[in-house]
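Student: I have a new structure to look at today. Could you walk me through how to read it?

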Amino acid sequence: MSVVAGYFSSKSPRLAADSLRERVSEYRILPSEVGEDFLTDVRQIRFGHLISKYKKGYRHQTPTVADLDGNILMISGYLFPPDAQDADAYERLLSHCVQTRGKILETCEGEFVSLFVEGQSGKVHIVNDRFGACPFFLLDADGRTLLSSNLAFLSFLAGGRLESDVLGWLQIFTWDHAIGSRTHLRDVRRLLPASHVTLSTERTHHTQYWYPRPQVEEHSDPKLTAWRVFEAFRGATERRAERLRKGMIALSGGLDSRMVAGALPEGADFSAWTFADSVDTTDTPHVRVAVEVSRILGLRHTIKPIPKGVLSPQLVKDLIALTGGLISVHHSAKTMQGISVIKDDGVDSQMGGAPAGSLSGSYIPSPEYLDPAKTDECIRAFVRSKSGPREAGLLGRLFRRDVLREYFPQVEPSLMETFELSEGPTAAHRVSVWSMANRNFA
């Protein structure tokens with residue numbers, strides 16, 4: 001459990017460091033936690049402060065490094081290179097950041113958000129990974145740019161004076177989450193995957209240094225292509241397993257998680273668990289497949305039934321605090337059950353195959369999406385399928401009619417805007433790229 005945050009302002013005076021440190025120390029990331037469970041670090045920079053707050057013993061805590069010239073590097077999550085245990089490597093990474101003005105961070109892999117401060121100019125660089133695995137949010141308020149990896153903490157920095165974004169709420173209720181950089185809070189922007197944001201006294205400069213693009217090969221050998229893709233996938237899985245050293249596989253029985261289990265390196269200290277997809281029995285098709293896969297691969301396997309009372313009032317409060325209310329509670333509740341399973345097994349890491357659905361085209365509803373001549377038509381139909389009259393009727397049970405009359409017509413255009421960067425010769429390609437950039441990182 002961790003928060004990386006701060007603020008930048010060249011116009012408003014810096015907040016008092018002692019007062020800020022005291023406020024952050026008293027802040028609880030989860031309502032169920034106590035302040036003594038966390039470590040707090042507040043770093044003064046030329047135009048503000050950087051903040052990190054970690055739960056004691058947090059596995060992915062990375063060192064905040066600084067040099068005598070005021071350059072600072074603060075990271076949430078993990079990245080390659082360097083290894084988390086190599087403190088000297090982080091100092092070298094800071095040196096490379098100074099030389100490249102933060103662009104070296106664009107070449108790193110992993111799941112991370114990094115904050116790099118140039119000591120001489122005072123500029124702050126915010127760089128995240130290519131799939132936006134670690135959420136991060138920005139807000140301009142009271143002459144300051146507030147930044148945080150936790151939406152609830154961002155509200156805390158803003159004094160709790162944040163208003164709802166109605167269009168963001170409508171996106172959540174039609175697509176299960178807000179799309180693109182929008183959130184359910186007015187003026188709060190979410191960092192898109194592969195972003196490099198530079199905060200300076202002149203302006204805020206936002207670039208996207210990478211975007212997923214399909215590699216289309218004419219007349220390729222399906223078997224050869226499949227093996228080439230799997231070898232790349234296996235290499236990435238091996239690197240993750242070697243870094244975690246010990247953990248569990250969330251084995252649903254579907255293709256995605258089977259791929260992860262099959263790509264584990266030989267001798268990896270991993271077991272598997274399956275969340276039964278029924279409240280009546282654990283003998284379901286998915287469970288039977290998972291049992292057979294575990295037997296073939298020699299994985300110790302645990303079957304977890306859905307517990308009664310899974311959504312306790314305290315758990316719901318924790319889920320809302322973690323997600324800021326951005327995604328459906330039942331998805332988060334399932335994730336929390338996974339956390340309890342791995343804790344019961346004495347490990348603190350889990351791997352799964354969630355993004356594979358997008359990569360394999362699971363959001364493609366029709367063969368027509370493979371016709372280049374129907375690309376625009378299919379994309380419009382794809383967006384309309386989630387923002388049509390049926391959805392408006394359902395939303396009428398939750399929102400006032402005057403609110404829907406004003407805002408619902410904006411839902412479809414707001415979704416179409418997010419397709420502008422997706423590339424590919426067919427709607428199938430563009431929808432797959434879009435889903436990787438907008439659905440999986442949400």
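Tutor: Gladly, and let us begin with a term: contact means heavy atoms within 4.5 Å. Helices (H or I, at least four residues) and strands (E, at least two) are DSSP runs, numbered from the N terminus. Keep in mind that this is a predicted model, where local features need pLDDT of at least 70 and side-chain atom pairs count only at pLDDT 80 or more, while totals for chains, interfaces and linings use all residues. Residues are numbered from 1 along each chain as its sequence is written, and side-chain values use heavy atoms, with hydrogens and water left out.

Student: What covers the buried residues of α6?

Tutor: Buried means under 20% relative accessible area, exposed over 50%, and partly exposed in between (1.4 Å probe, protein chains only). In helix α6 (residues 255-262), the buried residues are Ser-257, Val-260 and Ala-261. Seen down the axis of α6, these fall within an arc of 100 degrees, so they line one face of the helix. The arc is that of the directions from the helix axis to the C-beta atoms. The cover over the buried residues of α6 includes α5 (222-244), β13 (246-250), α7 (285-297) and β16.

Student: Which residues are buried in helix α11?

Tutor: Helix α11 spans residues 375-384, and its buried residues are Thr-375, Cys-378, Ile-379, Phe-382 and Val-383. Around the axis they cover an arc of only 135 degrees, which puts them on the same side of α11. There, the buried residues of α11 pack against α4 (166-175), α14 and α15.

Student: Now the strands. In what order do the four strands of the open sheet stand?

Tutor: Two strands pair if DSSP finds at least two bridges between them. Here the order is β15-β14-β13-β16, and the pairing is parallel. β15 (301-304) and β16 (350-351) are at the edges with a single partner strand each, so one side of each has no neighbour in the sheet. Look at β14 (residues 269-275), which pairs with β15 over four bridges in the parallel sense. Opposite Thr-302 in β15 you will find Trp-273.

Student: Strand β11 caught my eye too. How many of its residues are buried?

Tutor: Five of the five residues in β11 (residues 195-199) are buried, so to speak "mostly covered". Both faces of β11 are covered: one side carries Ser-195, Val-197 and Leu-199, the other His-196 and Thr-198, and all are buried.

Student: And what are the pairing partners of β11?

Tutor: Strand β7 (residues 124-128) pairs with β11 in the antiparallel sense over four bridges. In that pairing, Val-124 has Leu-199 of β11 as its bridge partner. Strand β12 (residues 204-208) also runs antiparallel to β11, and five bridges join the two. Here Thr-198 has His-205 in β12 as its bridge partner. A hairpin of four residues links β11 to β12.

Student: How many salt bridges does the structure hold?

Tutor: A salt bridge is a side-chain nitrogen of Lys or Arg within 4 Å of a carboxyl oxygen of Asp or Glu. The structure holds 14 of them. One of these joins Asp-140 and Arg-189, at 3.6 Å from N to O. Asp-140 lies in strand β8 (residues 137-141) and Arg-189 in strand β10 (residues 189-190), so this pair ties together parts that are 49 residues apart in sequence. Asp-140 is partly exposed at 45% relative accessibility, and Arg-189 is partly exposed at 29%.

Student: Is Glu-106 buried or exposed?

Tutor: Glu-106 is buried, with a relative accessible area of 11%. Its salt-bridge partner is Lys-103, with the closest N and O atoms 3.4 Å apart. Lys-103 is partly exposed, at 48%.

Student: One last feature: what is the volume of the second largest pocket?

Tutor: First, the general idea. On a 1 Å grid over the protein atoms alone, a pocket is an open set of points where a 1.4 Å probe fits, with protein on both sides within 12 Å along at least five of seven lines; lining residues have an atom within 4 Å of a point. Grid points are joined across faces, edges and corners, and a volume is the space filled by probe spheres set on the points. For the second largest pocket, that volume is about 460 Å³. Its lining has 28 residues, and Ile-179, Gly-180, Ser-181, Leu-192 and Thr-418 lie nearest the centre. α15 (427-438) and α14 (411-417) each supply at least two lining residues, and α15 gives the most, with three.
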